[in-house]
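The following exercises concern one helix and the salt bridges of a protein model. Attempt each task before reading its solution.

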Amino acid sequence: MSNPEHIQAALKALAPAGRTFHSDQAPTNAVAPWLVGSLAMPEPTPNLAGGSHGGVARFWVTVAALTGGQARVIAAEAIGAWGGKRVTVAGYSAFTLVHRTSSGPYPAGMTATDTDLRFQVVRLGFDLVASQTA
């Protein structure tokens with residue numbers, strides 16, 4: 001049976017060609033530039049039949065680059081790679097990714113989404129509706 005990790009794998013497969021992509025977190029020895037993608041699943045929306053509908057999930061993509069210019073170029077590649085793409089995963093209705101949010105580039109800090117002060121970071125959010133069909 002399919003689960004959200006299958007959606008994450010399908011999204012990873014869309015990463016821009018030639019760019020290093022890590023799921024959820026870059027390793028400590030990662031070499032810039034790289035992308036990190038992480039799927040945040042929605043809280044289900046209840047229906048009147050006692051079940052639930054899917055909700056809007058968010059696929060977060062973080063670009064870590066050596067310069068602000070490089071981060072902007074790779075962010076544009078990422079928007080082209082994921083924005084408007086339709087993904088099909090068994091057990092889920094097909095969904096289209098919609099680019100909804102961007103921030104940066106900004107100097108990376110020591111937070112959950114930024115890993116090293118020497119990098120420039122762009123954060124992108126893509127919405128998708130994830131509804132289980134079975």
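**Exercise 1. The helix H2**

In this predicted model, helix H2 comprises 15 residues, numbers 68-82, and spans 21 Å from its first C-alpha to its last, close to the 21 Å expected at 1.5 Å a residue. Determine which residues of H2 are buried, and where they lie when H2 is seen down its axis.

*Solution.*

Step 1. A residue counts as buried when its relative accessible area is under 20%. In H2, Gly68, Ala71, Ile74, Ala75, Ala78, Ala81 and Trp82 are buried.

Step 2. Viewed down the axis of H2, these buried residues fall within an arc of 135 degrees, so they line one face of the helix.

Step 3. The cover over the buried residues of H2 includes helix H1 (4-12) and several strands, among them E1 (21-23), E2 (34-40) and E5 (55-65). Strands E8 (98-107) and E9 (120-130) also belong to this cover.

Step 4. Just after H2, glycine 84 adopts a positive phi of about 80 degrees.

**Exercise 2. A salt bridge to H2**

Identify the residue with which arginine 19 forms a salt bridge, and state which parts the pair ties together.

*Solution.*

Step 1. Side chains of opposite charge can pair when their charged atoms come close.

Step 2. The partner of arginine 19 is glutamate 77, and the closest N and O atoms of the pair are 2.7 Å apart.

Step 3. Arginine 19 is in the loop between H1 and E1, while glutamate 77 is in helix H2; the pair therefore ties together parts that are 58 residues apart in sequence.

Step 4. Arginine 19 is partly exposed at 28% relative accessibility, and glutamate 77 is partly exposed with a relative accessible area of 29%.

**Exercise 3. A network of salt bridges**

The whole structure contains three salt bridges. Establish which residues are linked in a network of salt bridges.

*Solution.*

Step 1. Aspartate 127 pairs with arginine 58 in a salt bridge, with the closest N and O atoms 2.6 Å apart. Aspartate 127 lies in strand E9 and arginine 58 in strand E5, so this pair joins parts that are 69 residues apart in sequence.

Step 2. Arginine 100 also forms a salt bridge with aspartate 127, at 3.3 Å between the closest N and O atoms. Since arginine 100 lies in strand E8 and aspartate 127 in strand E9, this pair ties together parts that are 27 residues apart in sequence.

Step 3. Aspartate 127 is buried at 14% relative accessible area, arginine 58 is partly exposed at 24%, and arginine 100 is exposed at 55%.

Step 4. The network of salt bridges thus links Arg58, Arg100 and Asp127.

Methods. Residues numbered from 1 in each chain as written. Predicted model: local features only at pLDDT ≥ 70, side-chain atom pairs only at ≥ 80, totals over all residues. Heavy atoms only, no water. Helix = DSSP H or I, 4+ residues; strand = E, 2+ residues; numbered from the N terminus. Expected span 1.5 Å × (residues − 1). Buried < 20%, exposed > 50% of the residue type's maximum accessible area, 1.4 Å probe, protein only. Arc of directions from axis to C-beta. Contact = heavy atoms within 4.5 Å. Salt bridge = Lys/Arg side-chain N within 4 Å of Asp/Glu carboxyl O.
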